[in-house]
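Let's take a walk through this protein chain together. Keep the sequence and the 3D view side by side as you read.

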Amino acid sequence: MKLACRYSVLGQLDMVLPGVVAAFSNPDPDVRKAAVFCLVDVYMSLGEQAMPHLVKDLTPSQMKLVTIYIGRQQREREESGQVSSFKGSGAL
């Protein structure tokens, strides 16, 4: 089931990411924050497979912010015992 969800996310990225990236530049800070969290969730679902999609659409400063939040999310999961199966892996 989890694998099917990953394939579904990967298959929808090209359709969804432009809107999320646009939201990253919204004047409302809550919208920008939601966009960051959405991108972090995409990464946490897909692992390193998400990176080429993120890098091509985000500015370097946006990418740095998303990377910081990804690191925080990974640390929180490790501390709670939910270690990501993608750590260090680029495959599904």
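A helix here is a DSSP run of at least four residues, and helices are numbered from the N terminus. With that in hand, you can find His 53 in helix H3, which covers residues 51–57. Keep in mind that you are looking at a predicted model.

**The overall picture**

The chain contains four helices and zero strands. Following the sequence from start to end, you get the pattern α-α-α-α. The chain has 92 residues, and 29% of them count as buried. Its accessible surface is about 5800 Å², with 58% of that belonging to carbon and sulfur atoms. Now look at contacts in the chain with a separation of 6 or more: 67% of them come from residues 24 or more positions apart.

**Two helices and their lengths**

Let's check the lengths of H2 and H4, reckoning 1.5 Å a residue.

| Helix | Residues | Expected span | Distance between end C-alpha atoms |
|---|---|---|---|
| H2 | 29–46 (18 residues) | 26 Å | 26 Å |
| H4 | 60–79 (20 residues) | 28 Å | 28 Å |

For H2, the expected span and the end-to-end distance agree. They agree for H4 as well.

What caps the N-terminal end of H2? That's Asp 28: one of its side-chain oxygens sits 2.8 Å from the backbone nitrogen of Asp 30. After H2 comes Gly 47, with a positive phi near 70 degrees. H4 is followed by Gly 81, and this glycine has a positive phi too, near 85 degrees.

Which residues of H2 are buried? They are Ala 35, Val 36, Leu 39, Val 40, Val 42, Tyr 43, Met 44, Ser 45 and Leu 46. In H4, the buried ones are Gln 62, Met 63, Val 66, Ile 70 and Gly 71. The cover over those buried H4 residues includes H2 and H3.

**Into the core**

The largest nonpolar core has 20 residues, and the members that touch the most others are Phe 24, Leu 39, Leu 54, Leu 58 and Val 66. H1, H2, H3 and H4 are the elements that give two or more residues to this core. H2 gives the most, with eight residues.

Start with Phe 24, which you'll find in the loop between helix H1 (2–23) and H2. Is Phe 24 buried or exposed? Its relative accessible area is 8%, so Phe 24 is buried. Skipping residues up to four places away in sequence, Phe 24 touches Arg 32, Ala 35, Val 36, Leu 39, Leu 58, Gln 62, Leu 65 and Val 66. Take Leu 39 from that list: Phe 24 and Leu 39 are 15 residues apart in sequence, and their C-alpha atoms are 9.8 Å apart in space.

Next up is Leu 58. If you leave out its neighbours within four places in sequence, Leu 58 is in contact with Val 21, Phe 24, Leu 39, Met 63 and Val 66.

**Back to the histidine**

Why does His 53 count as buried? Its relative accessibility is 17%, and the cut-off for buried is under 20%, so His 53 falls on the buried side. Setting aside neighbours within four places in sequence, His 53 is in contact with Leu 10, Leu 13, Asp 14 and Leu 17. Try picking out those four contacts of His 53 in the 3D view.

Definitions and conventions: Residues are numbered from 1 along each chain as its sequence is written. This is a predicted model: local features need pLDDT of at least 70, side-chain atom pairs count only at pLDDT 80 or more; totals for chains, interfaces and linings use all residues. Side-chain values use heavy atoms; hydrogens and water are left out. The expected span of a helix is 1.5 Å times one less than its number of residues. Buried means under 20% relative accessible area, exposed over 50%, partly exposed in between (1.4 Å probe, protein chains only). A polar contact is a pair of N or O atoms within 3.5 Å; within protein, one must be able to donate a hydrogen and the other to accept it, and residues adjacent in sequence count only if both atoms are side-chain atoms. Contact means heavy atoms within 4.5 Å. Accessible areas come from the Shrake-Rupley method with a 1.4 Å probe; for residues, only the protein chains shown count as cover. A nonpolar core is a set of buried Ala, Val, Leu, Ile, Met, Phe, Trp, Tyr and Cys residues joined through side-chain atoms within 4.5 Å.
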